[in-house]
Every structure is written in C-alpha cells, then in structure tokens.
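Visitor: I would like to learn how to read the way helices meet one another. Could you take me through it step by step?

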Amino acid sequence: RWLGEALAALGVRGEVFLMTKTHSPQDRSAESAKRHLAGSLERLKTDRLDLWQLHAVSSPYDVDRAFAKGGAMEYILEQKAAGVVRFVGVTGHADPAAHLRALKHFDDGARFDTVQLPINPIDAHTPKSFQKQVLPALVERDLGVLAMKTNAGGALAKRSVCSVEECLRSVLGLPVALIVSGMETPEQVRQNAATVRQGPLDAAQREALMQRIADRSGEDLEWYKAK
C-alpha cells in the first residue's frame with residue numbers, strides 16, 4: 001500500500017518496472033491467484049503489472065500442483081495473454097529440484113519469462129546449489145534470472161563469512177538480469193548503489209573469495225533451503 005500511494009502521488013508509474021507475486025503456497029489454484037492479483041492491483045493503485053511471479057515453489061509436487069489444469073500458473077499465463085501483466089515467472093528458495101520441475105513444464109509449453117532463485121557465494125559450495133544446478137539451465141533457455149538472498153538473508157555478513165559488498169559483486173559477475181536486495185534504510189540503498197557501480201569482482205577476486213569461504217559450507221547459513 002505504501003508503494004501504491006507513492007507511485008500515485010509522484011505520478012511515476014510509467015517510469016517504474018513494477019513486479020510482485022502470488023502467495024499462499026498452501027493453495028495453488030487459479031482462484032487463489034485471481035484473488036492475489038486483484039488485491040495487488042488494488043493496493044498498488046495500478047491496472048497492470050510488469051512482472052507477476054508464482055511465489056515460493058518448494059518441491060516438484062508443489063510445482064505440479066501450480067501448473068496443473070485449473071492451477072495458479074494457468075491463470076497467470078492467461079493474464080499475460082490478456083495484457084494485464086507483461087511478463088510472468090516463478091520464484092523459490094527451498095530446493096533446486098522445484099525449479100528444474102518448473103523448467104520441465106516450460107519445455108512442455110508453459111512459457112514463463114523469469115525465474116527468481118537464491119544465489120550467493122556460499123550456495124556454490126552446498127549440495128543444493130542453485131548456481132550449479134539451475135542457473136546453467138536458465139541461461140540455456142534465455143530466461144530472465146532474478147538473484148535473491150545474495151547475502152543468505154543476512155547470514156553471510158552477520159556471521160563474518162563475507163561482506164555485503166563481496167556478496168553483491170560476486171553475484172553481479174554471474175549471468176543474472178538483476179539482484180533483488182532487501183534494504184531497510186536510505187543509507188543501505190546508497191551503499192548498495194555505490195557497490196554496484198564498482199562492478200563485479202574480477203575472476204581472480206571471485207576465485208579468492210570462493211576459496212576463502214569454502215570451509216564454511218557445512219554451517220547452516222542458508223536456513224531457507226529445504227532440509
């Protein structure tokens with residue numbers, strides 16, 4: 001609602017790429033997605049979205065429910081065809097297997113545009129690595145890659161694994177379209193902007209970072225991944 005009020009007051013909706021998502025993973029029906037879209041449009045004070053994503057897929061079974069006839073993705077794709085949303089996608093942070101199942105549906109004809117997934121320096125050292133298991137498949141299909149949890153929800157910096165700056169610059173060097181970064185203060189926005197302007201780590205810097213943190217991979221840093 002705050003964002004909707006701001007967009008309306010400033011009159012900048014046409015200058016903004018506006019994205020949001022469904023919710024309620026317990027209900028993957030088209031009807032639930034319809035309710036979510038109506039609520040988002042009302043709160044954001046707009047009649048269209050630039051990107052709307054199926055949120056938080058957690059397992060292949062969960063994906064199959066959403067992509068089934070009468071499921072949420074059926075409605076999401078219908079809204080793209082109707083022009084209510086420009087692009088559609090899938091998000092998730094629990095298990096690479098869920099994303100890979102979504103890509104099977106993509107190959108079978110459910111043509112979404114983006115995938116949002118957790119990518120950070122420690123992810124590459126873990127068994128459920130989105131960077132190793134999913135990212136190459138997204139690049140192969142020319143899908144938009146939205147990187148989230150670049151700092152593992154704050155855990156990497158808080159536990160002195162690596163800095164926020166190293167997280168952002170490391171991920172910037174990967175084939176991602178953008179980074180979804182949680183910021184709580186204006187100063188954090190300024191710091192992130194300054195970091196991004198430095199550009200990605202070069203190959204030698206990234207390799208040194210990956211070697212330095214390798215022995216931290218056994219810790220429960222990525223708490224959001226399904227056990």
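Guide: Please keep in mind that this is a predicted model. A useful way to begin is with the angle between two axes and the distance separating them, and here the axes of helix 9 (residues 164-172) and helix 11 (residues 203-213) come within 11 Å and cross at roughly 125°.

Visitor: What are helix 9 and helix 11 to each other, roughly parallel or oblique?

Guide: Angles from 65 to 115 degrees count as roughly perpendicular and those over 145 as roughly antiparallel, and the crossing of helix 9 and helix 11 is at roughly 125°, so the two helices are oblique to each other. The crossing also has a hand, and helix 9 passes helix 11 in a left-handed one.

Visitor: Which residues in helix 9 and helix 11 meet?

Guide: From helix 9 come E166, R169 and S170, and from helix 11 they are met by Q205, R206, L209 and R212. Sorted by class, the residues of this contact of helix 9 with helix 11 are four charged, two polar and one nonpolar.

Visitor: How do helix 9 and helix 10 pack, and at what angle?

Guide: Helix 10 covers residues 186-198, and helix 9 packs with it at an angle of about 45°, the axes being 9 Å apart. That angle makes helix 9 oblique to helix 10, and the crossing of these two helices is right-handed. The residues V164, E165, L168, R169 and L172 in helix 9 meet N192, T195, V196 and Q198 in helix 10, and by class this contact has four nonpolar, three polar and two charged residues. You may notice that R169 in helix 9 meets residues of helix 11 and is also listed in the contact with helix 10.

Visitor: At what angle do helix 2 and helix 4 pack?

Guide: Helix 2 (residues 30-44) and helix 4 pack at about 45°, with axes 6 Å apart, and they are therefore oblique to each other. Helix 2 passes helix 4 in a right-handed crossing. The contact is made by A30, A33, K34 and L37 of helix 2 together with A72, Y75 and Q79 of helix 4, which by class gives five nonpolar residues, one polar and one charged.

Visitor: How many aromatic pairs are there?

Guide: When ring centres must lie within 6.5 Å to count as a pair, the count comes to five aromatic pairs. One of them is formed by W52 and Y75, whose arrangement is edge-to-face, with 6.2 Å centre to centre and 85° between the planes. Because W52 lies in strand 2 (residues 49-54) and Y75 in helix 4 (residues 72-81), the pair ties together parts that are 23 residues apart in sequence.

Visitor: Where is the place of D113, and which side chain makes a polar contact with D113?

Guide: D113 is in the loop between helix 5 (96-107) and strand 4 (114-118), and the side chain of D113 makes a polar contact with the side chain of K80 at 3.0 Å. Leaving aside neighbours within four places in sequence, D113 is in contact with K80, R86, F87, V88, L143 and G144.

Definitions and conventions. Residues are numbered from 1 along each chain as its sequence is written. This is a predicted model: local features need pLDDT of at least 70, side-chain atom pairs count only at pLDDT 80 or more; totals for chains, interfaces and linings use all residues. Side-chain values use heavy atoms; hydrogens and water are left out. Helices (H or I, at least four residues) and strands (E, at least two) are DSSP runs, numbered from the N terminus. A polar contact is a pair of N or O atoms within 3.5 Å; within protein, one must be able to donate a hydrogen and the other to accept it, and residues adjacent in sequence count only if both atoms are side-chain atoms. Contact means heavy atoms within 4.5 Å. Axes are lines fitted to C-alpha atoms, for helices over the stretch in contact, and angles run from 0 to 180 degrees between N-to-C directions. Angles under 35 degrees count as roughly parallel, over 145 as roughly antiparallel, 65 to 115 as roughly perpendicular and the rest as oblique. A crossing is left-handed if the near helix is turned anticlockwise from the far one by less than a right angle, and right-handed if clockwise. Ala, Val, Leu, Ile, Met, Phe, Trp, Tyr, Cys and Pro count as nonpolar, Asp, Glu, Lys and Arg as charged, and the others, Gly among them, as polar. Rings of Phe, Tyr and Trp (its six-membered ring) pair if their centres lie within 6.5 Å; planes under 30 degrees apart count as stacked, over 60 as edge-to-face and the rest as tilted.
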